[in-house]
Structures are given as C-alpha cells and as structure tokens.
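Reader: I'd like to go through this model with you, starting with how the helices pack. Could you put it up first?

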There are 2 protein chains.
Amino acid sequence: MSLIVQKFGGSSVANAERVFNVARIVTSTYDEGNDVVVVVSAQGDTTDDLIAKGNEINPNASKRERDMLLSAGEQISISLLAMAIEKLGYPVVSLLGWQAGFQTSSAHTSARIKRVVPNRIRKELDKKCIVVVAGFQGISKYDDITTLGRGGSDTSAVAIAAAMHADLCQIYTDVEGVYTADPRKVKNARKLKDISYDEMLELATLGAQVLNNRSVEMAKKYNIELEVLSSLVKAPGTIVKEKSKMEKMLISGVAKDTDVARISVIGVPDEPGFAFKIFSKLSSKNINVDIILQSIGHNGKKDISFTVAKDRAADAEKCVQDYVENVNAKDFIVNTEVAKISIVGAGMESHAGVATKMFEALYDAQINIQMIATSEIKVSVLIDKKDADRAVSAIHEKFFEQ
Amino acid sequence: MSLIVQKFGGSSVANAERVFNVARIVTSTYDEGNDVVVVVSAQGDTTDDLIAKGNEINPNASKRERDMLLSAGEQISISLLAMAIEKLGYPVVSLLGWQAGFQTSSAHTSARIKRVVPNRIRKELDKKCIVVVAGFQGISKYDDITTLGRGGSDTSAVAIAAAMHADLCQIYTDVEGVYTADPRKVKNARKLKDISYDEMLELATLGAQVLNNRSVEMAKKYNIELEVLSSLVKAPGTIVKEKSKMEKMLISGVAKDTDVARISVIGVPDEPGFAFKIFSKLSSKNINVDIILQSIGHNGKKDISFTVAKDRAADAEKCVQDYVENVNAKDFIVNTEVAKISIVGAGMESHAGVATKMFEALYDAQINIQMIATSEIKVSVLIDKKDADRAVSAIHEKFFEQ
C-alpha cells in the first residue's frame, strides 16, 4: 500500500462533469489499495470571478481581506469534489488549508508554507477516508487565512507529500506531461519520460508553465518524486526526479516566454556605480531583472539593456525615467514585443557546441538575436516576438528531429 | 461608548452598491464613538447558487460537505464588506465563524451554538477595528465547519451580543420594523415602537418572517435588547425587549402563514390511544404538528385534523396512510390550500372578547373558519388560502383602524 498525493488544477474541476472525472481518477487510485490525498484548486474561473467582485468594491483592498475572499474558491471546489466522491460511494472528507495543517508565513497573497502538520489528514486516512485538501491556502500564526499566490496548489501538494513521506506526488494538468517543446506549436514535440528537478526548474522559469517553480524547488529539497500527467487522457506522464535517465540527451526541451519586456538605457556614463544604481532602484520596487546586457564603453558612455516581466514593464519604466534624468543618460527604449527562447538540459554543461547549434538554427531561419544569456544548463536568447514560434520550431528540429 | 452588534441579511449586501450602503451605516455608528461588531449573511442569491451547484453533483451529499460548501457564502460577503469599509478609510477585520469563536454542536446544517468565545473579537475591538463576522456558521468540537440553518445569522448576532454583553443588537432587514400587519398587504399597517420577546416569538412562529425565532428566544434568555430596522430607510425601528410599553394595546399584530397544510383523518375509532398513535408516528419522523382539532365522537367514530408545515405534508401523508390502513379509519384528506391567520398580543390574556372580535371581523368579510387554536397571547384560525389577504385586512381594520 502506498500513499499517493494527487493534485488537480482549476480547469480539471471546472464543471460537474470534470469534477466526476477527477472523482473517478481518485477512487480508482483508492481501489488499487492506496491511501489517497487529493489537493484541488478553485474551479475554473472562480478565482477570477472573486477577484473581479473584490476589485469592483475596492481595488486597493488589504491583502488580508483579499486572501479571505479568494480562499472561498477552494472551499467550494473541495466540497463539490467530496460530494462527487460520496456519490460514487466512497468515504471522503474535505479539509480547508488550516484543517489540513498548512502553517504559513503571514505574507498575505504570497505566503510561504512554514510547515505542514498533517495530524488531521493522517487521522482521516486511518479511517480509510479519501482526503480532499484545499490547495493554495493556509493559516498564519495570527489565525488568519493566507494564500500562497497563483500556482500555489502545486506547492501545497508537494508540501503534503513531503510532510507525509508520500510515495508519489501526481500533478494532473491539461497536458500529458513535459515535452521537448510546446506540443500545440511544434508538431514533432516529444513527451519526456523523465526529467531532473534542475531541468524542470529551468523550464518552469522559462515559461513552460507545466509546474509551478516553488513546487519543483520543494520537491527537489525533499526528494519527492513528481509525476506530471493529464486528467483527461489516461497515459503515463513525465516523472520529475533527482537524476534524469536522459543525461546523454543534450537538451531536454525548448521553451518560449513572451511575458517579457526589454528595456535599454542609452548613453550611461561609463564609470563605476552607474549600473548598480539602476538595479538597486529596480530591486527596491521589487522588480526582478532577468537577462542583463551591457555594451562595451565607448567615448565614456555605455548602453545597458535588461529584461523584466511584462506586467512590471510600466513600473520599471518609471524607475528608468528617473534614472535617466538623474545620471544624464541619453535616452531609453522599452520594447514589449520580444520573446525569450531557451534550451534547457543537464547534459549541456559537458557538451560543447550546444549554444552554437542553437544559434545556427536561428541563423538558418534568418532570425535576429537581440540578447543572449547562458547558465550551466540553459541558453536563452531574446528575439522579436513575431519570430518566436518559428524560432522554437527551428531549434526543436535542429536538436530533436535530425 | 457602547458596544453595538449590527446584523445585515443577504439582501442588504446583494451587490456592490448595497455593500457600500451597509459600510456607511457601520462606519457612521463607529464615528459616534461605538465599538461595532457586524454580522453578515451570504450575499443575495449566493446561498441558493451554492445549493444548486451542490445538488447538480450530489443531491444526497453528506451534511458535513454541504456545510463546507455553504459556509463559503459568508466568507465572500464578510471580505467584500471589509473591503468596502477599508475603502471608506476605516480600520476593519473580517472573521469567519470559527475565528470569531462560534462553538456549535456537530449537527451539521442545523447546528446549535454552544458558546461564543469572543477573544479574537475583543482583541480586534481593542485595536479600534470594526469587526465583521460571518453569520450562520461555526465550528464543531471536531474542528469541522458547521452551519446554523436558514435564518441563523440573526442567532449569530444575538449570541455575540449575549457573549459580549453588548448594549444593543440591531437587526437590519428590508422592512422598517415590526408592523401590526404585513405593510405590503395592509395599507394602514402601523410600525410598532416596541414589542415584548413573547409577542415577537409568536409573530415569528406565525410567519411574520421579520426575525428568526431562535434569535428571539436567545435574546429573551439573555435579555438582549433587539432593534429591528431597515438598511435602506434611515428611521427608528422596533425595539424588542422584555416588557412592551404597549400592554394596553390588545394585540400587537396580525400575521399570515401560508406555509401550512391541513390533514384530516376521517372515521377514527373513538377509543383511547388512537390519537396518540398517529402523533407518535409523526413525531418519530420529526414532523412538527401545529394546530390539532378533534371532533366529538359519533357512532363510535371521530375525525382528527391537524396542520403541519407544507414541506412536510408529503411525509405526513405517508404516516397517515399507514395509520389509516392499520386502524381501519375511513379516509383522509390533505389540503395545502390553507392559510393560518393569527393575532398576537400580550394584552390579550387580560381582556376577554379578543377572539370574538377576530371572529366577528371574519364573519363580516364572509370568510369561513376551518380550525381555531388559542394560547395566552395569540389566537390562530385556519382558513382558505385564497381568503388570506382579505382576512388580514379585515382583522387589522377591526383592531387598529376603528
């Protein structure tokens, strides 16, 4: 007998039919003799509906009250799923975040899980109940309801799996696993049998959007085996674990991220401290900077370019505006029509020429590269947004189809 | 400085505009230097929507899961009201039933409040916060969410008022107070300045639907002064307290109840025990019987008539069917086209002729009386449903307009 944690996202429980689909997956796992803990997100658009209701009343409401509002979403979905499981004739109990023992920091709307005390879950499992747990939410030391931020349900599932030493944590989603590229865009994209935590982390960060990043970090930390699979198609998914068996494969995937904006500051004085100033200004506003490129100084001036998430571009622009006036830089350019294309693979570090092969693919497709960034297991390039899909296909073909 | 508990029903917070209306009432009470605890129900149709969602999946879901589902309704309304109060610039915190200290029995969907431990409420009031509390819900000793059943938010408000020794408990509703008759039906209906708990209890039981019955019982027990008033019209309401100042007035109101069915069993053997049998059968099915009428025996047979709530008529019919077959009674008749009209008044017991005056009014209006029941402070008659509004007007005219 194994303990299996299964997580279902909002689209998997969007309506009554889908709720029953999930109930059947859960009960068939239970029928195989397993203890089952199910983590669910709020139904389809519930979270968005609740956000709209709140914004109508007060778009600047406190984060505490926003958490109170949003967490009602999972309360609805866990009770509906439990009702469906009851209908199928199985013993079940639904638990809110605080009932399931999710103790978090008190950083409302983006709380971090401090610990999971799964006494109640264990008690219910001992009674042979299927346990349905509200993802995304917990309780602070002040007894206030907190939420973990978008995508937090993945983290909830992994946290339970870690706290209870689960044998497997299955993340059900609307794709069948992790692919070498987006299967909706690249027709020859291949599903990976397994992938390492680090590769998965790079892919998640780079916009593959299969798994929430924090959940992969936590899985890596506690060595929880994850399986990413489809709630609609019955087929083995992709296993995420410490060591991928595919190390000999140079790269494990191609990812595209269009949620990115490039900002270039032209004519910055080529003296110490000027680059520091702008990035400290951005970080004081909690704006994360991704790729940074600095030109070689010329005539006492240099150019600095960097990328930020698209929804922070306006805030970043303000910072840069002030900066440009303060340091007497020449000008600045904001470009949101860009895309970041990345290749990821643990095998990369021991193989020369991976980046070259990528650049060659882009050259063959006549796609211009604006910026380049590399790490031990990834290479990213910034290109025109209009070329993004073509770039992914060209790179995928070069690495996987030749 | 006083401690005031204010309760707002679902229609008072049905949309953003109404939520702000409530927020203004609350904050103006706060501005007068009072500590304010606000109890709210779920928004307008939210409860019905959630019930429909649950029924779509499993109409026979466990009561525990139904409570989990339904209690999300107040969670949404308390956070929205708190957000509106924040928008007006006041310090506020919303609390769920369990956070506010509502400890209840574990009878899901109709739990009884065992005690309120208002430590958290007190702490927030000490911080000068307005406290918004979810009505209708609490927590069982098993740490499960419970609900108090429909109308339970009134009870929540009175329970807080009792536990915290509040100076006043205001029940805001969509009428301006307690009237001598339904003001939508009887044009000369008068608003009462005050009314005693006992009179209010009889009126509530009799379908006046202004205040939930359990809440009045609790207010009487703990001697909490209630005020019933409108959330939309700024005007003094009706005070409900131990002694009404209007004792000299014979009756305080006329009430109509159409949620009633009459069942008559014809030709029951006129021997001891036969009446007992049918009522013990009904009570074993938890069916409450209201008015009972038994004819004088004739040729060894008698007829027994009684009324039950309309939604229990079908269950009662089954009991009676069995009974008729068992005791060889002649037949039975179920009539749901009836109405119960009642007059209520503490002055009644010391004044003869009140019932006569009521019967005279009905006679003048040529309305036939099917059954009669009396208590110390009320007289009820059962009549044809089609005559109900006419009967209320005729009686009201007789007592209040001559």
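Reader: At what angle do the axes of helix 2 and helix 3 of chain B cross?
Author: Bearing in mind that this is a predicted model, the axes of helix 2 (residues 46-57) and helix 3 (residues 63-70) of chain B cross at roughly 140 degrees and come within 9 Å. Since angles over 145 degrees count as roughly antiparallel, helix 2 of chain B is therefore oblique to helix 3 of chain B.

Reader: And which residues make the contact?
Author: From helix 2 of chain B there are B:T47, B:L50 and B:G54, and from helix 3 of chain B there are B:R66, B:L69 and B:L70. Sorted by class, that contact has three nonpolar, two polar and one charged residues.

Reader: How many residues of helix 3 of chain B are buried?
Author: Seven of the eight are buried, so that helix 3 of chain B is mostly covered; among them are the charged residues B:R64, B:E65, B:R66 and B:D67.

Reader: What do those buried residues pack against?
Author: On the chain B side they pack against helix 2, helix 4 (72-87) and strand 8 (145-147), and from chain A they meet helix 4 (72-87) and strand 3 (92-95).

Reader: Changing topic, what turn lays chain B on chain A?
Author: A turn of 179 degrees, with a shift of 0.1 Å along the axis, lays chain B on chain A with an RMSD of 0.2 Å, and the two copies are thus related as by a two-fold rotation axis.

Reader: Which C-alpha of chain B is nearest the axis?
Author: That of B:A72, which lies 2.5 Å from the axis. The same surface serves both copies, with 100% of the contact residues of chain B recurring in chain A.

Methods:
Residues are numbered from 1 along each chain as its sequence is written. Chains are lettered from A and ligands numbered from 1 in the order in which they are written. This is a predicted model: local features need pLDDT of at least 70, side-chain atom pairs count only at pLDDT 80 or more; totals for chains, interfaces and linings use all residues. Axes are lines fitted to C-alpha atoms, for helices over the stretch in contact, and angles run from 0 to 180 degrees between N-to-C directions. Helices (H or I, at least four residues) and strands (E, at least two) are DSSP runs, numbered from the N terminus. Angles under 35 degrees count as roughly parallel, over 145 as roughly antiparallel, 65 to 115 as roughly perpendicular and the rest as oblique. Two residues are in contact if their C-beta atoms, placed from the backbone, lie within 7 Å. A residue is buried if 20 or more other C-beta atoms lie within 10 Å of its own, exposed if 12 or fewer, and partly exposed in between; C-beta atoms are placed from the backbone. Copies are superposed by least squares on the C-alpha atoms of residues with pLDDT of at least 70 in both.
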